[in-house]
Amino acid sequence: MSGDRKIHNLALVGFMGTGKSSVGRLAAELLRFEFVDTDELIEAQSGLSVEKIFKTQGEPAFRQLEKRVVQNLAQQKKIVIATGGGLISDPENLASLRTHAMIVCLWASPETIWERVRSQTHRPLLRTEDPLAKIHELFARRDPVYRQADALIQTNHRSPKEVVQQVLFQFQLARR
Ligand code: S3P
């Protein structure tokens with residue numbers, strides 16, 4: 001990792017359903033950092049659910065709110081950030097996170113993702129006739145972006161407790 005980066009924080013990126021929030025909460029607890037979730041920050045600041053923002057204002061408006069949240073995180077220290085699945089598709093968001101955080105991508109196959117999210121209803125992008133096809137489409141588009149993370153951690157067949165050990169190992173190495 002380049003010498004001019006300051007690794008104050010840990011950012012978890014990756015597709016929906018890869019466990020960013022559950023692993024992030026555990027990581028924050030173990031590191032004694034604060035946990036923040038970009039979707040929750042957007043909801044708190046706008047007073048609307050992510051679903052409602054997509055529905056009434058559209059995805060571009062949601063992405064603007066997401067960008068503002070990312071910019072505000074740059075001043076903070078000792079936080080674990082769980083990001084929304086599309087957040088680093090915006091290169092400026094990725095570049096901003098890179099200035100202060102180690103970026104760890106949680107990875108899972110589209111089939112595993114589908115198994116994890118199929119019973120959930122709060123993700124507007126998957127509210128389509130064929131959600132698995134949508135996962136494949138988004139996954140193909142985003143995979144090259146996720147691979148720009150500092151570390152990629154496989155979560156298929158692993159519990160959040162197993163994944164967090166690997167995340168923290170990578171984080172400690174990066175901070176040395
Ligand atoms: C999105 C993922 C969601 C949320 C929004 C858009 C995406 O977050 O930000 O529904 O573009 O993949 P999770 O990854 O936490 O589900």
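Colleague: Which residue places a backbone N or O atom 2.8 Å from an oxygen atom of the ligand?

Modeller: We should keep in mind that this is a predicted model, and that a pair of N or O atoms within 3.5 Å is taken as a polar contact. An oxygen atom of the ligand lies 2.8 Å from a backbone N or O atom, and the residue that supplies this backbone atom is Gly-85.

Colleague: How much of the area that the ligand exposes when taken alone does the protein bury?

Modeller: Side chains also reach the ligand, since a polar side-chain atom of Asp-39 lies 2.8 Å from one of its oxygen atoms, and an N or O atom in the side chain of Arg-123 is 2.7 Å from an oxygen atom of the ligand. Taken alone, the ligand exposes 380 Å², and the share of this area that the protein buries is 93%.

Colleague: Which residues come nearest to the ligand?

Modeller: There are 13 residues around the ligand, and by class this shell has five nonpolar, three polar and five charged residues. Those that come nearest are Lys-20, Asp-39, Arg-63, Arg-123 and Arg-142.

Colleague: What is the volume of the largest pocket?

Modeller: The space taken by the ligand is this largest pocket, and its lining is made up of 39 residues, with Met-16, Lys-20, Asp-39, His-122 and Arg-123 lying nearest its centre. By class, the lining has 12 nonpolar, 15 polar and 12 charged residues. The volume of the largest pocket is about 670 Å³.

Colleague: Which helices each supply at least two residues of the lining of the largest pocket?

Modeller: One can take the lining of the largest pocket, which counts 39 residues, and look for the elements that each supply at least two of them. These are α1 (20-31), α2 (38-46), α3 (50-57), α4 (59-73) and α8 (160-175).

Colleague: Which element gives the largest share of the lining of the second largest pocket?

Modeller: The second largest pocket holds about 150 Å³ of space, and its lining includes Glu-59, Arg-63, Lys-134 and Arg-142. The elements that give two or more residues to this lining are α4 and α7 (131-146). By class, the lining has three nonpolar, two polar and six charged residues. The largest share, six residues, comes from α7.

Methods: Residues numbered from 1 in each chain as written. Predicted model: local features only at pLDDT ≥ 70, side-chain atom pairs only at ≥ 80, totals over all residues. Heavy atoms only, no water. Near = heavy atom within 4 Å. Polar contact = N/O pair within 3.5 Å; in protein donor to acceptor, adjacent residues only side chain to side chain. Areas by Shrake-Rupley, 256 points an atom, 1.4 Å probe, with all protein chains shown as cover. 1 Å grid on protein atoms, 1.4 Å probe; cavity = no way out; pocket = protein on both sides within 12 Å on 5 of 7 lines; lining within 4 Å. Sits in = over half its atoms within 2 Å of the grid points. Nonpolar A, V, L, I, M, F, W, Y, C, P; charged D, E, K, R; others polar. Points joined across faces, edges and corners; volume = space filled by probe spheres on them. Helix = DSSP H or I, 4+ residues; strand = E, 2+ residues; numbered from the N terminus.
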